[in-house]
Amino acid sequence: MQMKLFTLWRLQETESGTPGVLVPENSWPLCLTLERKWLNNKPFESCTPLGEYPIKRVVSPKYGDVFAFQNVVGRDDCLIHWGNFWQNTLGCTLLGSEFEPVMNMKTGLIQDGLKDSRKSFDEFMAYMKSENEGKIVIRKVG
């Protein structure tokens, strides 16, 4: 079986993080993404640098069965998981279905974020089925 290949197209950074679109090779977009802003690859504070990365299925103590970016220079534990806001990630990639104002249950405030993140994450994991690895190319639009 051939390894699954994705392109993560990053859009313009906003106050609410770095939105993007995750597109499987030769297919329609699978889901939207949200990451922290680019902060010179600072661990736990920056999105993953642009480039090509293997991804590998791992078990996270917090998120369970997820995929992790491999070979990110100067970084560990860059995961693909669920979450609604840039504050829900320490340099990982969040998945969702729409960008829109969402109620932040921790603060009680409405904040720009991702809708249906857990559902989108589950769809990504179903797409990967029994695959244990793949590859993501991160590019910036424009």
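Colleague: In what order do the elements of the protein chain run from the N terminus on?

Modeller: Helices (H or I, at least four residues) and strands (E, at least two) are DSSP runs, numbered from the N terminus. Here the order is β-β-β-β-β-β-β-β-β-α-β, so the tally is one helix and ten strands. Bear in mind that this is a predicted model, where local features need pLDDT of at least 70, side-chain atom pairs count only at pLDDT 80 or more, and totals for chains, interfaces and linings use all residues. Residues are numbered from 1 along each chain as its sequence is written, and side-chain values use heavy atoms, with hydrogens and water left out.

Colleague: Which strands make up the closed barrel?

Modeller: Two strands pair if DSSP finds at least two bridges between them. In this model, eight strands close into a barrel in the order β1-β2-β3-β7-β6-β5-β4-β10, with mixed pairing. Neighbouring strands of this sheet are turned by 30° against each other on average, direction ignored. Axes for such angles are lines fitted to C-alpha atoms, for helices over the stretch in contact, and angles run from 0 to 180 degrees between N-to-C directions.

Colleague: Can you show me one pair? In what sense do β3 and β7 pair?

Modeller: Antiparallel: β3 (residues 31-35) and β7 (residues 93-96) share three bridges. Thr33 sits opposite Leu95 in β7.

Colleague: And where does helix α1 lie?

Modeller: Contact means heavy atoms within 4.5 Å. Helix α1 (residues 117-128) lies across β1, β2, β3, β4, β5, β6, β7 and β10, and runs at about 75° to β5.

Colleague: What about β8 and β9; what do they form?

Modeller: A hairpin, with four residues between the two strands. β8 (residues 98-104) and β9 (residues 109-115) pair in the antiparallel sense over seven bridges, and Asn104 stands opposite Leu109 in β9. In the turn, Gly108 has a positive phi of about 75°.

Colleague: Let's zoom in on a residue. Is Gln111 buried or exposed?

Modeller: Buried means under 20% relative accessible area, exposed over 50%, partly exposed in between (1.4 Å probe, protein chains only). Gln111, in strand β9, has 17% relative accessibility, so Gln111 counts as buried. Leaving out residues up to four places away in sequence, Gln111 touches Phe85, Trp86, Gln87, Glu100, Pro101, Val102 and Asn104.

Colleague: Which side chain does the side chain of Gln111 join in a polar contact?

Modeller: A polar contact is a pair of N or O atoms within 3.5 Å; within protein, one must be able to donate a hydrogen and the other to accept it, and residues adjacent in sequence count only if both atoms are side-chain atoms. The partner of Gln111 is Gln87, at 2.7 Å. Gln87 also has a side-chain polar contact of 3.5 Å with Trp86.

Colleague: Where does Trp86 lie, then?

Modeller: In the loop between β6 and β7. With a relative accessible area of 26%, Trp86 is partly exposed. Beyond its neighbours within four places in sequence, its contacts include Glu15, Leu34 and Gln111. Arg36 is 50 residues away along the chain, yet the C-alpha atoms of Trp86 and Arg36 are separated by 5.4 Å.

Colleague: Stepping back, what radius of gyration does the protein chain have?

Modeller: The radius of gyration is taken over C-alpha atoms; the globule rule is 2.2 Å times the number of residues to the power 0.38. For 142 residues a compact globule would come near 14 Å, and the protein chain has 14 Å, so the two agree. Of these residues, 45% count as buried.
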